[in-house]
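Please open the model in your viewer and keep the sequence panel beside it. The tour below moves from one selection to the next and says what is found at each stop.

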Amino acid sequence: MSRMSRNKGKRGEREAAKELNRLFGLEARRAQQYCGEAGDADLLGVDGIHVEVKRVERFHMHAALEQADNDRKAGEAPVVLTRQNLKQWVFCCYLDDLPKVMERLTHVDESSEPTDDSPLPDPDPGSRSRKK
């Protein structure tokens, strides 16, 4: 893996942690800088959820979810956050895990409030194909 790819992955992990923190009042952070073991989640601080971050242009959803599922610890729900250049973050999980994921993310700390509930800036409003 090239240095540019590794750096893009690191930036992606930091960006994803920042977005989870903003949306859910978490204290997520990059795992690699703290433990760095193969098979560990890319982000720490999201209890009960194994988070893989993929900052790629060609995303292979099932392969990424399978990696998260294989690497997770017992009781954790596997999820993947991905983003392409100039696009918004996308969150993927198995439908059967969705209730657990939502419970974990929305009941992290009842006293926590997201720091900013404003919408993300649209990097290129003309390129969107989905309706608001």
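Begin with the loop between β4 and β5 (90-93), and select leucine 86, which is found there. In this predicted model, the phi angle of leucine 86 is near 60 degrees, a positive value in a residue other than glycine. Is the residue buried or exposed? With a relative accessibility of 64%, leucine 86 counts as exposed, because the cut-off for that class is over 50%.

Now zoom out and colour the model by secondary structure. The protein chain has 3 helices and 5 strands, and read from the N terminus its elements follow the order α-β-β-β-α-β-β-α. Of the 132 residues in the protein chain, 30% count as buried.

**The strands β3, β4 and β5**

Select β4, which spans residues 77-82. This strand is mostly covered, with 6 of its 6 residues buried. In a regular strand the side chains alternate between the two faces of the sheet. Show the side chains of β4 and look at each face in turn: Ala77, Val79 and Leu81 are buried on one side, and Pro78, Val80 and Thr82 are buried on the other, which leaves both faces of β4 covered.

Add β3, residues 49-54, to the selection; 5 of its 6 residues are buried, so this strand too is largely enclosed by the rest of the structure. β3 and β4 run parallel and are joined by 6 bridges. To follow the pairing, pick valine 51, which stands opposite valine 79 in β4, and then lysine 54, which stands opposite threonine 82 in β4.

Next add β5, which pairs with β4 in the antiparallel sense over 4 bridges. Threonine 82 is again a useful landmark, as it stands opposite valine 90 in β5.

**Helix α2**

Which elements make up the β-α-β unit, and what is its handedness? Show β3, helix α2 (residues 61-71) and β4 together, and you have the unit, which is right-handed.

Stay with α2 and display Ala64, Leu65 and Ala68, which are buried. If you turn the view to look down the axis of α2, its buried residues fall within an arc of 95 degrees, so they line one face of the helix. On the other side of α2, His62 and Asn70 are exposed.

**Salt bridges to helix α1**

The salt bridges in the model come to a count of 7, and the next selections visit some of them. Pick glutamate 57 and lysine 8, which form a salt bridge whose closest N and O atoms are 3.7 Å apart. Glutamate 57 lies in the loop between β3 and α2, whereas lysine 8 lies in helix α1 (residues 3-24), so the pair ties together parts that are 49 residues apart in sequence. Glutamate 57 is partly exposed, with a relative accessible area of 36%, and lysine 8 is also partly exposed, with a relative accessible area of 21%.

Move on to arginine 30 and glutamate 13, where the closest N and O atoms of the salt bridge are 2.6 Å apart. This pair links distant parts of the chain, with arginine 30 in strand β1 (residues 29-30) and glutamate 13 in helix α1, 17 residues apart. Are the two partners buried or exposed? Both arginine 30 and glutamate 13 are buried.

The following pair to select is arginine 55 and glutamate 15, whose side chains meet in a salt bridge with an N to O distance of 4.0 Å. Here arginine 55 is in the loop between β3 and α2 and glutamate 15 is in helix α1, so that distant parts of the chain, 40 residues apart, are linked. Arginine 55 is buried, with a relative accessible area of 13%, while glutamate 15 is partly exposed, with a relative accessible area of 27%. Add Arg83 to this selection, since salt bridges that share partners join Glu15, Arg55 and Arg83 into one network.

**A nonpolar patch**

Finish at the surface by selecting Leu95, Leu98 and Met102, which form a nonpolar patch with about 290 Å² of accessible area together. Methionine 102 lies in helix α3 (residues 98-106), and at 39% relative accessibility it counts as partly exposed.

Conventions:
Residues numbered from 1 in each chain as written. Predicted model: local features only at pLDDT ≥ 70, side-chain atom pairs only at ≥ 80, totals over all residues. Heavy atoms only, no water. Patch = residues over 30% accessible without salt bridge, like charges linked within 9 Å, V, L, I, M, F, W, Y side chains within 5 Å. Areas by Shrake-Rupley, 256 points an atom, 1.4 Å probe, with all protein chains shown as cover. Helix = DSSP H or I, 4+ residues; strand = E, 2+ residues; numbered from the N terminus. Buried < 20%, exposed > 50% of the residue type's maximum accessible area, 1.4 Å probe, protein only. Pairing = 2+ DSSP bridges. Right-handed = clockwise from strand over helix to strand, strands pointing away. Arc of directions from axis to C-beta.
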